[in-house]
Amino acid sequence: MSELIGVARPRVDAPDKVSGSTRFAADGYVHGLLHARPVLATEAHARIREIDPQAALAIPGVVAVLTAADLPIASPGTDRTSEPLAREEVVFAGQPVALVIAETEAAAQDGAELVLVDYEALPAVVDVEAAMAPGAALARTVEESDDEAGDLESIHAGVDHGQADDPQEELSGNVLDRITRERGDLAAAFAASASVVEGTFRTPWVHQAYLEPQVCTAWLEPSGTLVVSASTQGSFVTRNGLARVYDLPLDRIRVIAEPIGGSFGGKLSLVEPLACGAALALKRPVRLTLTRSEDFAATNPASAQVTHLKVGARADGTFTAIEGRMIVDRGTNAGWGAEGISSSLVTGPYRWEAYEIHAYGVQTNRFTFGAYRAPGAPTAAFALESLLDELASALGLDPIEMRLRNAVVEGDPGMSGNPLPTMGAVEVLERIREHPLWAQRDALPVDEAVGMAAGHWPGGTEPAAAVCRVDSDGSMTVVTSAADMSGVNSGFAVIAAAAFGLSPDKVRVVTADTSFGPYSGASGGSKVTYTVGAAVLRAAEAAREKVLNAASQELEIAPDDLEVVDGVVRAVGSPDRSISVEEIAKKALRFGGRYEPIEGHGGSAQTSGAPSVAAHLSHVRVDRETGEVTLLRHVIAQDVGRALNPALVEGQMRGGAVQGMGWALFEELTHDEDGRLQTGSFLDYAIPTAERVPEIETLIVEVPAPDGPFGAKGIGEAPVVGAPAAIANAVAAAIGTRLYELPLTAPRVWKALRS
Amino acid sequence: MIPAATRYARAQSLDQALELLGEPDAKAIAGGQSLIPVMKLRIARPSVVVDISRLELHGIEEREGTLHIGPLTTWAELAAASLSPGLEAIPECAHGIGDVQVRNLGTIGGSVVHADPASDMPAVLLALGARLQVRSSDGERETSLEDVLVGPFTTALGTQELVTDIIVPVPQAGSGSAYVSVEHPASGFALAGAAALVEPDRERIAVTGVGATPFVVPDGGLGATEIFGDRFASDEYRRELAGVVVERARASARARSAG
C-alpha cells in the first residue's frame, strides 16, 4: 500500500497537544511529591569554601538542602551526569551547586534564596582565543577523566574524528581536542587558483530555546526501582548514564520519555541526575522543573565558534583549495565538542582538490556545550557559504552556477575517503536556480536583495528495534522507544500502515519506557526515521507475514497469492475471496485460538548514512538609517529522500529555516568579562517570533535513500544549516558590505554601514 | 518563575482600594502585564496585591474638546478607538504594544505608573500634553504627566494615590500625530521611540527609550541631551536612532495634519 506514502496527514500527537490534554513531564501526579529548586553558581570560576544551609532549612516546608556530597554518586567525573552539583570547583556561572527540597515549590524557592555559598573566586576564562595560549589560566583546575565522550558525539552525527593534530603547536591545557583533516597539495591548489578569498567568522553561544524548560520527576518504587519521568530525547542513554553514576543495575532504573515540549538536541541527561540523586538520597519522589531563567543559565546551548577560512577557485569556478582554522568554545564540556562535526562539514557539499582543516575544542568558563540542531554545521556553513559568494563575485560568476559546478554526487570521495552515498546537492541547487525569486534578484527596489546558500547534514545511524501488534479490533499498535521528536511517531504510523496494509488511522504509536521497550538510541542526528523507521517497516512486515499465514489457512490460498489492502487480506486477482485482519485477529486472540498473535518484531542496523542537503533563498530589506534587517521571503529546497508525510516534512523545513533566522539575526548569549550571563531571559535573548518570520516556501526534492524506509531519510537537521548564510549573503548584497559576525543585529549592521 | 508568597485583595470601591494600599509594600494590580512578570522574577515582592480591575475607571470619551481615558482602559480598546483628528498616535501606539494577549489585559494607567523608561504610550501622552487626575484619601488633584515621571520605574505619585483619569486636550483642527519606534528584538521595548504632534502653529515631540524617563524634546533638539546606552545599543547608536524616529514621526504627523 505504498500509495499511503507521500500523503499529507495531521500529526498523530496533534489532537492531544492542541486540546491541551497531553501530559508533559511536569504534569504527572505523584503522591507525596517533593519539589527541588536549584541554587546556581553566581561565579563563573571559583572554589567553594562552604555552603551554609541553615537559613534555608529554617523555612517551613523545606525538607533538605543537598550538596554534591549528599548525592549517592559512585562514579565521579566532570560531565554533567557525573557531576550534577559542583563539587569543590565551580566552572561556570549558572552551574548548580545545591538543591533545596521542600513540600512546595514556593518553599523550596524561598529556601534556595537563603542558601549561603562562600566562593573563593578564580580567574574566569571567557575569551576562547586567549584561553588557547600557552600559560593561559585554566578553566578547570581539577582534571578528571571522562568516559562519555564518544557516546554523546555519536548520537548526533556519523562522522569520523579525523587525525590527531600536529603536536608541535604549543597550546594551553584548555585545548581539549585538536583535529587535522587534510588531503591533496594545498599550496599547489592555491597556486592554481584565479581567486582566493578569506575571512574570520564569529558566531555566539545560541540556546535551543525549547518551549518547555527542562524537567524531571523521579521516585523509588517500593521494590527499589528508580522511575524517571523525563522530558528527554533518549531514554536508554539517560538510563545508562544514571546507572553508571549511581551504581545501579540497568534493570533497577526505568526511564520514561514523556512527550517533549521541544528540545532540538538540548535534552539529554542534565536535570535527570539532579532529580534522581535527590530521590535516591531522600527516598521520596522529587520533581525539578527549571524556570526559564534557570534554563538559560544552567543548561547546554550551542557553542560559540571562531572560524578562519581561506578558499580558492579557478577562473571557471572550479574549487581548488580550502584551508581552515576552527576554534570551538566547549565551555565546560570535557567530553565532546562540535569541532569534530564542524570540521568535517566545513568543506560543504562540494568537491575540493585539496583541503587542510585544523579544529580545536577549547574549554572556557561558559555553560556546558550541548547539541543544538545540526551542531557545528550552521557555523561552518556561515563561513564557507559567505566566502563562496565572495569568490563568485571576484570571478564574476553566478553564485548558484559556481556551486553547481562543484556540487558532490554519489561516489565522490567524502572526508573519510570513502565514496559518498547519494545526496541531492545538485538537485536542490537546480531547484532554487529555477525559482522566480532568483531571476528577479537584480530587479528589486534599492535596499532589498536576495541571497542564497546551501548546507548539508551527514545523517546519523544507530541500531534500533520496533514491535507491531495487531489488536482484536484490527487496529495496530507500533511500539518503539524513540522519543517522539519532530513527528517521528507520525512517520512510523504511515510506514507501518503501508508495510502492513492498513489505513494509517488504524495505527497508533506508543513510546515505551526502558523496562520493556525495544532498543532505540536517542532521538537526534537526523537518524530516527531512517533507522527506527526501518525497524518499524520490518516489524510491520513480520506482522503481515503472521496475518498472511493465518489467512492462508482460512482461505486455503497460498500466502504468496494473498495481499493485505486496507485491513483486508484478499486473493491477488480475486478480491472477493477475502477475510479481514480484524476477523483473523479475533480468531487468534482468544482462549483456544489457532493462530499466533499478529505481532512482529523488526530491527535495523544501517551501515550507510543518508545525507540530506538543503538550499535556501532569502529575500531581505535593510533599513539603512537604523540597521534593521527585515526578512521578506524565504525559499528552501531540500532533498528529503522520500516525503513520508509532506506536511510534516514541510514543517521540519520551515522549523529549520526559522531557527536559521534566529542564528542569522537574533540569537546571542553573551557574558560579561567575569563570565556572568547577560542575556538570561527572553527580555534580552531574542528569537524569531511570528511577526518577524516571513512567508517560507518549501520545495521538496526527493532523491531516495537506498536503505531508508520507502526511500526516506532523516531530514531534521539539514534545513537549518545553510539558512544563516543565505540571510547573511542577502544582507551583504543589500548593503554592499559583509559582516563576519552573527547575529546581524541592527546595531551591527548600522555600524557596518558607517565604516 | 515562582513568586514569593503574597496576599490578594479585590477592591470593591476606590475608597477601599486607597485604604488597602495603606498597608506597607501593597501594590495595585490592574491588567498585571508589568507587575506579574517582576513578581515572578521576585524583583517585586508586594505584601498584598490590591486588585483594582473591577473599579469603574474604564472607557474612552471625548467631551468639550478633551479626551478622557480611564486608566483601566486596555491597549486593545485604545488600538480600536476612533478618535478625533490629531489623536492618531494613541491607537497607532497601542496597536504596536506587546502582543494580542498583552493588549487584551494591559492597561494604559498601569503602564503610565509603572514608569518604564522605554514604554511607548507615555511618549505619546507627553507629546499630546496629557494630564493626570489623581485621587487620594485627601481628595483629588490634577498634575501634568511630565511632573509624574521622575525616573526609571519611579513616579511622583504617593503609595496611596491612584490615577483616576488621563486627560488629553484634543488638538485643534488641522493637526496630526504619530508614533514611531525601533524595538529591541527581544523585549519589544523601544530602543528609541518618538511621538510627534503637529498642530497648525506649533509642534511637540516626545521620545522614549533613550533616557531615564520618556521626555519632551526641548526646542533645540536632542543635541544637548544625554542619551542612555546599554550593552545591546550604544548611546551613539541610540542617539542616531532617536534622530531617525523623531524625523519619521514628525513626517508622518505632518502628513496626517495635511490630510
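**Exercise 1. What percentage of the 755 residues in chain A do buried residues make up?**

Before you start, keep in mind that this is a predicted model.

*Solution.* Step one: a residue counts as buried when 20 or more other C-beta atoms lie within 10 Å of its own. Step two: apply that to chain A, and buried residues come to 59% of its 755 residues.

Now for the overall build. Chain A holds 21 helices and 27 strands. Its radius of gyration is 27 Å, close to the 27 Å that the globule rule gives for 755 residues, so chain A is as compact as a globular protein of that length. Along the principal axes, its C-alpha atoms fill a box of roughly 80 × 75 × 50 Å. Finally, take the contacts in chain A with a separation of 6 or more: 81% of them come from residues 24 or more positions apart.

**Exercise 2. Work out the strand order of the seven-stranded open sheet in chain A, and find which strands stand at its edges.**

*Solution.* Start with the order, which reads β3-β5-β1-β13-β10-β11-β12 in chain A, with mixed pairing. Next, look at the ends: β3 and β12 (253-257) of chain A each have a single partner strand, so one side of each is left without a neighbour in the sheet. From one strand to the next, the twist averages 20°.

Then zoom in on one pair. β10 (residues 215-220) and β11 (residues 226-230) of chain A are antiparallel and share five bridges. One of the residues to look for is A:Thr217, whose bridge partner in β11(A) is A:Ser229.

**Exercise 3. Find the helices that pack on this sheet, and say which residues of α3(A) are buried.**

*Solution.* First, α3(A) touches β1, β3 and β5 of chain A, and its direction makes about 25° with that of β1(A). Second, α8 (residues 272-282) of chain A lies across β1, β3, β5, β10, β11 and β13 (286-289) of chain A, at about 25° to β10(A).

Now walk along α3 (residues 105-114) of chain A: the buried residues are A:Ala107, A:Ala108, A:Gln109, A:Asp110, A:Gly111 and A:Ala112. Their cover includes β1 (34-40), α2 (54-57), β3 (62-66) and β5 (96-102) of chain A.

**Exercise 4. Describe the four-stranded open sheet of chain A and the helix α20(A) that lies across it.**

*Solution.* The strand order is β17-β25-β26-β27 in chain A, and the pairing is mixed. At the edges you'll find β17 (448-457) and β27 (695-701) of chain A; each has a single partner strand, so one side of each lacks a neighbour in the sheet. Here the twist averages 15° from one strand to the next.

β26 (residues 629-639) of chain A runs parallel to β27(A), joined by seven bridges. In that pair, A:His634 has A:Ile696 of β27(A) as its bridge partner. As for the helix, α20 (residues 723-735) of chain A lies across β17, β25 (612-622) and β26 of chain A, running at about 155° to β17(A).

**Exercise 5. Is A:Asp247 buried or exposed? Do the same for B:Asp25.**

*Solution.* Place A:Asp247 first: it sits in the loop between α7 (235-246) and β12 of chain A. Its phi is positive, about 50°, although it is not a glycine. The cut-off for exposed is 12 or fewer, and A:Asp247 has 11 other C-beta atoms within 10 Å, so it is exposed.

B:Asp25 belongs to the loop between α1 (14-20) and β2 (26-29) of chain B. Its phi is near 65°, again positive in a residue other than glycine. B:Asp25 has 11 C-beta neighbours inside 10 Å, so it counts as exposed.

Definitions and conventions:
Residues are numbered from 1 along each chain as its sequence is written. Chains are lettered from A and ligands numbered from 1 in the order in which they are written. This is a predicted model: local features need pLDDT of at least 70, side-chain atom pairs count only at pLDDT 80 or more; totals for chains, interfaces and linings use all residues. Helices (H or I, at least four residues) and strands (E, at least two) are DSSP runs, numbered from the N terminus. Two residues are in contact if their C-beta atoms, placed from the backbone, lie within 7 Å. Two strands pair if DSSP finds at least two bridges between them. Axes are lines fitted to C-alpha atoms, for helices over the stretch in contact, and angles run from 0 to 180 degrees between N-to-C directions. The radius of gyration is taken over C-alpha atoms; the globule rule is 2.2 Å times the number of residues to the power 0.38.
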